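Here is a set of questions and answers for someone who is meeting words such as "buried" and "edge-to-face" and wants to see how a value leads to a label.

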Amino acid sequence: MPLFPKKKDKKQKGGLTEQEQQPENDVNNSKSYPTGPTPAPPSVTQQPQTTNGGQAPAGEQQQPQRRLVFYAQLAHGSPTARIEGFGNVRELYEEIAKAFVIPATDILFCTLNTHKVDMERLLGGQIGLEDLIVAHVKGVPKSIQCIKSVASLGLTITDNGAGYAFIKRIKEGSVMEGLSTVLVGDHIESINNKSMIGARHFEVAKEFKQLPVGLEFSVALIEPMKAFTKIAPRSAPAMQPAPVAAMPTDDQVKTGRETLRLRNTGPAEVVTEELNDFESMAITKCDDLLESYIGIRDESLAETLVGLFKGKTDFSDFMKAVEEELGELDFPEEFIFDLWGVMGDVKDGRI
């Protein structure tokens with residue numbers, strides 16, 4: 001998904017270091033892993049507790065650095081590759097590109113635990129420690145001509161956090177739904193020959209919204225490569241089944257599900273998902289409003305807005321907080337007002 005800045009918290013951030021758990025008898029999958037040099041992990045070391053002026057007790061050694069290891073495949077077919085040493089989405093794409101010897105700019109988006117173009121399993125700002133990362137790369141380019149007969153084209157746009165916006169949903173009965181060549185997962189390369197590469201999802205949605213009703217416009221798209229588009233030689237080894245990826249140990253998981261939270265800046269952080277009922281419902285409702293008003297879905301942005309709502313008792317304080325934190329998005333005031341009302345209803349148990 002899409003990655004938005006969040007408020008800084010005071011808890012210490014963890015890096016991409018954790019115990020690597022490899023299958024005990026890795027006979028079937030060991031030959032699938034790249035054998036190149038291992039990227040150096042971020043310089044984060046877990047320090048032992050000390051009681052004598054910051055020095056470790058005599059005879060006790062510092063715990064060595066441990067790194068997280070994930071596994072990845074290409075959606076259209078590939079062996080399994082080890083991926084490590086990344087701290088954000090762009091670095092993740094670079095590591096995937098190195099493992100499969102492809103340009104990083106060929107990667108459109110990633111899904112988790114599925115090779116299908118499934119927008120419900122889109123990689124956003126978090127990766128479960130046991131998730132398999134599946135990269136979808138550029139396939140067939142295409143272009144469409146369309147007349148904007150009504151104000152809404154029926155598209156929900158998201159982006160991969162690394163410069164590519166793509167279609168997440170097509171509304172039934174909409175203008176775009178009537179064009180059979182337009183598919184969920186298509187990367188929006190340009191609108192009326194204006195490049196959308198590097199644009200965030202809300203910028204692409206705004207570009208569509210600003211097109212006058214009645215105008216004929218063009219869109220250049222690139223759809224993800226499908227399975228069997230590239231067929232390997234008959235002599236190529238059979239693709240190995242995916243291993244269990246970096247499964248957390250029993251002492252790591254006490255409550256919730258551990259995930260790696262990626263950020264635009266700063267180190268990644270291993271967190272435990274423990275959302276309460278209010279947060280879960282509020283994030284869902286906020287995401288629905290984002291789609292209704294702006295034509296985007298962004299769970300990370302919705303989570304940020306819910307965080308800004310918490311602790312506020314006055315609408316003006318909430319609106320000020322949104323403008324200070326997310327002013328670049330230029331939300332309409334009616335959206336913020338409706339969001340305040342919806343989250344208040346969730347908080348009070350009315351929905």
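Q: Why does cysteine 110 count as buried?
A: In this predicted model, cysteine 110 has a relative accessibility of 0%, and because the label buried is given to anything under 20%, cysteine 110 falls within it. Cysteine 146 is treated in the same manner, since its value of 5% also makes it count as buried.

Q: How many disulfides does the structure hold?
A: The structure holds zero disulfides, where a disulfide would need a pair of cysteine sulfur atoms within 2.5 Å.

Q: What makes the pair of phenylalanine 208 and phenylalanine 217 edge-to-face or stacked?
A: The structure holds 11 aromatic pairs. In the pair of phenylalanine 208 and phenylalanine 217 the ring centres are 6.3 Å apart and the planes stand at 65°; centres within 6.5 Å make a pair, and planes over 60 degrees apart count as edge-to-face, so this pair is edge-to-face. Phenylalanine 208 counts as buried at 6% relative accessibility, and phenylalanine 217 counts as buried at 0%.

Q: Why is the pair of phenylalanine 315 and phenylalanine 337 called edge-to-face?
A: Their ring centres are 5.6 Å apart and their planes are at 80°, and because an angle over 60 degrees counts as edge-to-face, the pair earns that name. Phenylalanine 315 lies in helix H5 (residues 315–326) and phenylalanine 337 in helix H6 (residues 333–347), so the pair ties together parts that are 22 residues apart in sequence. Both residues also belong to a cluster that ring pairs build from Phe278, Phe309, Phe315, Phe318, Phe337 and Trp340.

Q: Is phenylalanine 337 buried or exposed, and how do you know?
A: Phenylalanine 337 has a relative accessibility of 51%, and because exposed means over 50%, phenylalanine 337 counts as exposed. Leucine 339, which is also placed in helix H6, is buried, with a relative accessible area of 1%.

Q: How do you know that strand S6 (residues 155–159) is mostly covered?
A: Five of the five residues of S6 are buried, and the cover reaches both faces, with Leu155, Ile157 and Asp159 on one side and Thr156 and Thr158 on the other. In a regular strand the side chains alternate between the two faces of the sheet.

Q: What makes S6 and strand S7 (residues 165–170) a pair of strands?
A: Two strands pair if at least two bridges are found between them, and S6 and S7 have five bridges, in the antiparallel sense. One of the partnerships sets isoleucine 157 against isoleucine 167 in S7. The two strands form a hairpin with five residues between them, and in its turn glycine 161 has a positive phi of about 80°.

Q: How do you know which class of residue lines the largest cavity?
A: The lining consists of Ile144, Leu155, Ile167, Met176, Val182, Ile188, Phe208, Val219 and Leu221. Because Ile, Leu, Met, Val and Phe count as nonpolar, the lining has nine nonpolar, no polar and no charged residues. The volume of this cavity is about 40 Å³, and the structure holds one cavity of 30 Å³ or more.

Definitions and conventions:
Residues numbered from 1 in each chain as written. Predicted model: local features only at pLDDT ≥ 70, side-chain atom pairs only at ≥ 80, totals over all residues. Heavy atoms only, no water. Buried < 20%, exposed > 50% of the residue type's maximum accessible area, 1.4 Å probe, protein only. Helix = DSSP H or I, 4+ residues; strand = E, 2+ residues; numbered from the N terminus. 1 Å grid on protein atoms, 1.4 Å probe; cavity = no way out; pocket = protein on both sides within 12 Å on 5 of 7 lines; lining within 4 Å. Points joined across faces, edges and corners; volume = space filled by probe spheres on them. Phe/Tyr/Trp six-rings, centres within 6.5 Å; stacked < 30°, edge-to-face > 60°.
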